[in-house]
Number of protein chains: 2
Amino acid sequence: MPYSERLKKVQSALSAERVDSLLVFAAANLRYLTGFTGSNGLLVIHERAAVFFTDGRYTTQAGQEVTNARVVVPKKGMLEAALKLAGQGGGRVGFEASIGYQTFARLAKQLGARRLRPLSGLVEKLRAVKEDREIAAIRASVDLNSRVFEEILPLVKEGVAEKDLAAEVEYRMRRNGAEKASFDTIVASGARTALPHAQPTERRLRGNEFVLFDLGAILNGYSSDMTRTVFLGRAGKQARRLYQTVLEAQRQARETLRAGVTGAAVDRAARRHISKQGWGRFFSHSTGHGVGLEIHEMPRLAAGDRSPLPAGAVVTIEPGVYLPGFGGVRIEDMVVVRDSGAELLTSTPRELLEL
Amino acid sequence: MPYSERLKKVQSALSAERVDSLLVFAAANLRYLTGFTGSNGLLVIHERAAVFFTDGRYTTQAGQEVTNARVVVPKKGMLEAALKLAGQGGGRVGFEASIGYQTFARLAKQLGARRLRPLSGLVEKLRAVKEDREIAAIRASVDLNSRVFEEILPLVKEGVAEKDLAAEVEYRMRRNGAEKASFDTIVASGARTALPHAQPTERRLRGNEFVLFDLGAILNGYSSDMTRTVFLGRAGKQARRLYQTVLEAQRQARETLRAGVTGAAVDRAARRHISKQGWGRFFSHSTGHGVGLEIHEMPRLAAGDRSPLPAGAVVTIEPGVYLPGFGGVRIEDMVVVRDSGAELLTSTPRELLEL
């Protein structure tokens, strides 16, 4: 079990963060540090101890899942009990900045705002570097997702509604063993492919247009994420040029990526090629993001990301060009950041598919 | 369009809440007050004006959907721009207590914590009383949900996995026109029915056991919620007694409910009958909750809810008894609170179904 080792890394970081204890609320962080998969828990971490709090619904489950922290199930007032422990000794208490205002207000009331210190990304930074076992879990999720896409392709025909294809995608994820989709599946067709975050509608597919699929599954807690844009019929000159531009931008971004390079540099590589074609302003989002226990996590591949990518990070590479009124193309794969370059996880071909 | 009228009600409540302006962030509240269905918006409400802020992704959509507030799309710094407007005049600024700590920290930095006032449930209290058009929308969602359950029943057989039934449920929701499921569908079988919030597993259904379904759909933004527990085979004496107890408790709760009665009284009615059978401690959750643009909203039907239920509220009635190691039964319908009593929305029969 990797949990003790992960928890120790957090414990040894507390003094550098100038806190005596840390409160962990976020579900993905709890799962990462203890293995707990329920929806309500709270981990109080001191340098030499950790106590896990939950409510009565999870007594049995927490007892089975959490082996590296003492489990406490207060009859009532879980938060109060946890704060009492966290505040012992009178030192500074760190909390995840991602908590809600109301939780913060209760912290401030019980411990005093001056003792509190918001911390951003402490556990998330650890999570960004995946262990081999995590990469294996992500690969299994990516493979499942690719299998689902393959199953869907024969259904992509004129007259089928976007919404029905999205329903088929999520159904087949579950039938292939996924817990569920890691985000609302995007199926967009025709000019709607020019909306980067289109929700599937009743619109029916027609001939001579792009169809864009953005899909991800959760398998054993780990997410996958892939986008493919296919053409229904024979692509014309403009459609082909658009597709090849994004494909080449994606390749250049992939070839730029390796450990030590910044997210900004990878983003720039994709953007440079698209800008050369005169479409720079139609690439309106960033190039990629980390994927793991959450569908969006660290690191990011965007203009502002100037820290070197660590070896072992798992990220998407997903440039896109969206021409209003005409259509858009996005091509998204997942890769592992290695010292030698990008190790591709996604096995689905990325050449233009004409159906 | 009902949006102007709803917004006016909020505007006329500002002075009683002792604020000069109110910041609305919550997606369901934005949809209720303006019709906006995107994922990122912010409404600044003054007594005589309202301005809606969003980002570049939603320029077109907000222009079409939001007709009762001026729409502003700042090039960057949406929150800063909105706060600048909200703070004009130097008065008190109300904000929804449901926002995150980081958003609160930005509010406090720009406006000063002393000018801020957290408000809980201002818009939510309005939303609790449904307009006729909303009740019609909820009824359509409830009917869709019942149709899906009917389609599923022929698939409920020995050897089928819980997970596969859940996949079928959500697939059929989409095929029947729903946007998606309003929560992760619960399918639990055998002793697992004794876990009130069981997630579906690979476990396959066997003969002589309960199978519990808790399902809800979103249609045109409005949620539905229903639980049915069926028996695979012929129910024995204990199973039958368990089922009849919950059924009768549910009936008594339904007959107690009407406008002016408290949520606590309805909860007590269900609990009284179950306790008489000696199973009081196995009814481990509250009796019901409001449903509308969100799957859980006001009012609640629980021991502590001492305010009278308003006419026009839409709530679930869902007592359950969970016997560890044996199994559990929950029966959940949706009703409209009327002066004369509970108007039933759910048409699916609730007598014991032996398959």
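**Close-up 1. Strand 15 of chain B, covered on both faces.** In this predicted model, strand 15 of chain B (residues 314–317) has neighbours over both of its faces. B:Val314 and B:Thr316 are buried on one side, and B:Val315 and B:Ile317 are buried on the other. As a reminder for reading this view, side chains in a regular strand alternate between the two faces of the sheet. Follow the backbone sideways to find strand 18 of chain B (residues 333–338), which runs antiparallel to strand 15 of chain B and is joined to it by four bridges. A good place to start is B:Val314, which stands opposite B:Val336 in strand 18 of chain B.

**Close-up 2. The loop residue B:Glu47 and its surroundings.** Here we look at the loop between strand 2 (41–46) and strand 3 (49–54) of chain B, where B:Glu47 is found. B:Glu47 has 16 C-beta neighbours inside 10 Å, so this residue counts as partly exposed; a buried residue would need 20 or more, and an exposed one would have 12 or fewer. Leaving aside residues up to four places away in sequence, B:Glu47 touches B:Gln11 and B:Leu14. B:Val19 can be located in the same view: it is 28 residues from B:Glu47 in sequence, with 9.6 Å between the two C-alpha atoms.

**Close-up 3. The open three-stranded sheet of chain B.** The strand order in this open sheet is 7-10-11 (chain B), and the pairing is antiparallel. Strand 7 (180–181) and strand 11 (222–223) of chain B stand at the edges with a single partner strand each, so each has one side without a neighbour in the sheet. Strand 7 of chain B pairs with strand 10 of chain B (residues 217–219) over two bridges, in the antiparallel sense. Within that pair, B:Ala181 stands opposite B:Ala217. Helix 7 of chain B (residues 132–152) lies across strand 10 and strand 11 of chain B, and runs at about 135° to strand 10 of chain B.

**Close-up 4. The open three-stranded sheet of chain A.** Turning to chain A, we find an open sheet of three strands in the order 7-10-11, paired antiparallel. Its edge strands are strand 7 (180–181) and strand 11 (222–223) of chain A, each of which pairs on one side only. Two bridges link strand 7 of chain A to strand 10 of chain A (residues 217–219) in the antiparallel sense. For this view, a handy landmark is A:Lys180, which stands opposite A:Ile218 in strand 10 of chain A. Helix 7 of chain A (residues 132–152) packs on the sheet and touches strand 10 and strand 11 of chain A, its direction making about 135° with that of strand 10 of chain A.

**Close-up 5. Helix 1 against helix 2 in chain A.** Two packed helices are described by the angle between their axes and the distance between the axes. For helix 1 (residues 3–13) and helix 2 of chain A, the angle is about 115° and the axes are 6 Å apart. Helix 1 of chain A contributes A:Tyr3, A:Arg6, A:Leu7 and A:Val10 to the contact, while helix 2 of chain A contributes A:Tyr32, A:Leu33 and A:Thr34. By class, this contact has five nonpolar, one polar and one charged residues.

**Close-up 6. Where the two domains of chain A meet.** Chain A is divided into domain 1 (3–126) and domain 2 (129–344). The C-alpha centres of these two domains of chain A lie 34 Å apart. Seven residues of domain 1 of chain A are in contact with six residues of domain 2 of chain A. On the domain 1 side, helix 2 (27–34) and helix 6 (122–128) of chain A each supply at least two residues. That side of domain 1 of chain A has three nonpolar, one polar and three charged residues.

**Close-up 7. The interface between chain A and chain B.** In this last view, 20 residues of chain B are in contact with 20 residues of chain A. Helix 5 (101–111) and helix 8 (162–175) of chain B are the elements that give two or more residues to the chain B side, and helix 8 of chain B provides the largest share, eight residues. The side of chain B that touches chain A has eight nonpolar, four polar and eight charged residues. A rotation of 180° with 0.0 Å of shift along its axis superposes chain B on chain A, with an RMSD of 0.0 Å. That is the relation of a two-fold axis. Of the interface residues of chain B, 100% are also interface residues in chain A, so the copies meet through the same surface.

Definitions and conventions: Residues are numbered from 1 along each chain as its sequence is written. Chains are lettered from A and ligands numbered from 1 in the order in which they are written. This is a predicted model: local features need pLDDT of at least 70, side-chain atom pairs count only at pLDDT 80 or more; totals for chains, interfaces and linings use all residues. Two strands pair if DSSP finds at least two bridges between them. Axes are lines fitted to C-alpha atoms, for helices over the stretch in contact, and angles run from 0 to 180 degrees between N-to-C directions. Domain bounds come from an automatic or database domain assignment. Ala, Val, Leu, Ile, Met, Phe, Trp, Tyr, Cys and Pro count as nonpolar, Asp, Glu, Lys and Arg as charged, and the others, Gly among them, as polar. Copies are superposed by least squares on the C-alpha atoms of residues with pLDDT of at least 70 in both.
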